[in-house]
Amino acid sequence: MANTSRYHQTLSFEVFPPKKEDEFKAAYDVLNELSKLKPAFISVTYGAGGSRSKKTIDIASYIQNTLHIDALAHMTCVGSKREDIIQVCEALKAVKVNKVLALRGDRPRDMTDEQFNARDFAHASDMIGFLKENTDMEIAGACYPEKHPESFSLEADLQYLKQKQDMGANMFISQMFFDNDYFYRFRDKALQKGITLPIHAGIMPITAAKQLGTTITLSGSSVPKSLADLIAKYGDNAEDMRKAGIDYCVRQILDLKQTGVDGIHIYSMNKPKTTAEIVNAIQ
């Protein structure tokens, strides 16, 4: 169902920080290339339990202060105390980053049941409320077109999304999806719930067959027959698979743009060449 957006369509990317110190130059090279595509913002992921928060801040600072593009720093709360969240916010503000994506995050492997049950923030919505009361950060939240894997139903998930809006979120970015019909159904139901914030569609290019068993499985996103058939046909040929995956991604984005999506958020996987091919094809 078409939806005429009240917001200017934006283009944005997600990147992840390097795991090792000697990988920072390569990460900056990736960002330099992505910046040429003129995104509205670039988001930076965050390790489980904040395990790479310093690297997230360093990368976000480079985006904000060297590239002069808005940085959106991921912030997870599952393994964090209130004081930890405040410290990270202060570190971000010190480098002029004032936008965060508030996430619950995955439970750290070394976190005991006792620690998990006694955590300060049970849900991302709790952290959003805390951030709104204690900081002046602009806050994005996550949403799930096919519902969060742990939710009982899409209806229950939408209740949590409405809480995120009520707690002070400014916009939402969706989990990746590969069938636009799921996104349109979700968007319509969200509007019926009174959710009026911009929803940016999270898009992941599938350019290698192995992604089917890793990224997609972890996300909980379903694989439509058209994508499964594409992987079956081209999966054994790396270059053909890459081209077919980019084509699938482009067609998905063009359809979303025609229905008035608020924004396209490409999970770049730190691959600027692939991202540039997609962006050039959707202009």
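Which residue takes a positive phi just after α10? In this predicted model, in which local features need pLDDT of at least 70, side-chain atom pairs count only at pLDDT 80 or more, and totals for chains, interfaces and linings use all residues, that residue is Gly-260, with a phi of about 80 degrees. Residues are numbered from 1 along each chain as its sequence is written, and side-chain values use heavy atoms, with hydrogens and water left out.

Helices (H or I, at least four residues) and strands (E, at least two) are DSSP runs numbered from the N terminus. Helix α10 comprises 21 residues, 238-258. Its end C-alpha atoms are 30 Å apart, in agreement with the expected 30 Å at 1.5 Å a residue, where the expected span is 1.5 Å times one less than the number of residues. At the N-terminal end, α10 is capped by Asn-237, a side-chain oxygen of which lies 3.2 Å from the backbone nitrogen of Glu-239. The buried residues of α10 include Met-241, Arg-242, Tyr-248, Gln-252 and Leu-256; buried denotes under 20% relative accessible area, exposed over 50%, and partly exposed in between (1.4 Å probe, protein chains only). The buried residues of this helix pack against α7 (180-192), β7 (199-203), α9 (225-234), β8 (263-267) and α11 (272-282).

Leu-256 of α10 is also among the residues with the most contacts inside the largest nonpolar core, which has 65 residues. Such a core is a set of buried Ala, Val, Leu, Ile, Met, Phe, Trp, Tyr and Cys residues joined through side-chain atoms within 4.5 Å. Not counting residues up to four places away in sequence, the contacts of Leu-256 (heavy atoms within 4.5 Å) include Phe-177, Phe-183, Ile-203 and Ile-264. A second, separate core of 20 residues includes Leu-101, Phe-178, Ile-206 and Ile-231.

Helix α1 (residues 24-35) has 12 residues, and its end C-alpha atoms are 16 Å apart, which agrees with the expected span of 16 Å. Phe-24, Ala-27, Val-30, Leu-31, Leu-34 and Ser-35 are buried in α1. These residues lie on the same side of α1 because they cover an arc of only 135 degrees around the axis, taken from the directions from the helix axis to the C-beta atoms. Their covering includes β1 (10-15), β2 (41-44), α2 (53-66) and α11.

The structure holds 0 disulfides, a disulfide being a pair of cysteine sulfur atoms within 2.5 Å. The sulfur of Cys-77 is 12 Å from the closest cysteine sulfur, in Cys-89, and is therefore too far for a bond. Cys-143 is likewise in no disulfide, the nearest cysteine sulfur, that of Cys-77, being 17 Å away. Cys-77 is buried at 0% relative accessibility, and Cys-143 is buried at 1%.

Methods
Polar contact = N/O pair within 3.5 Å; in protein donor to acceptor, adjacent residues only side chain to side chain.
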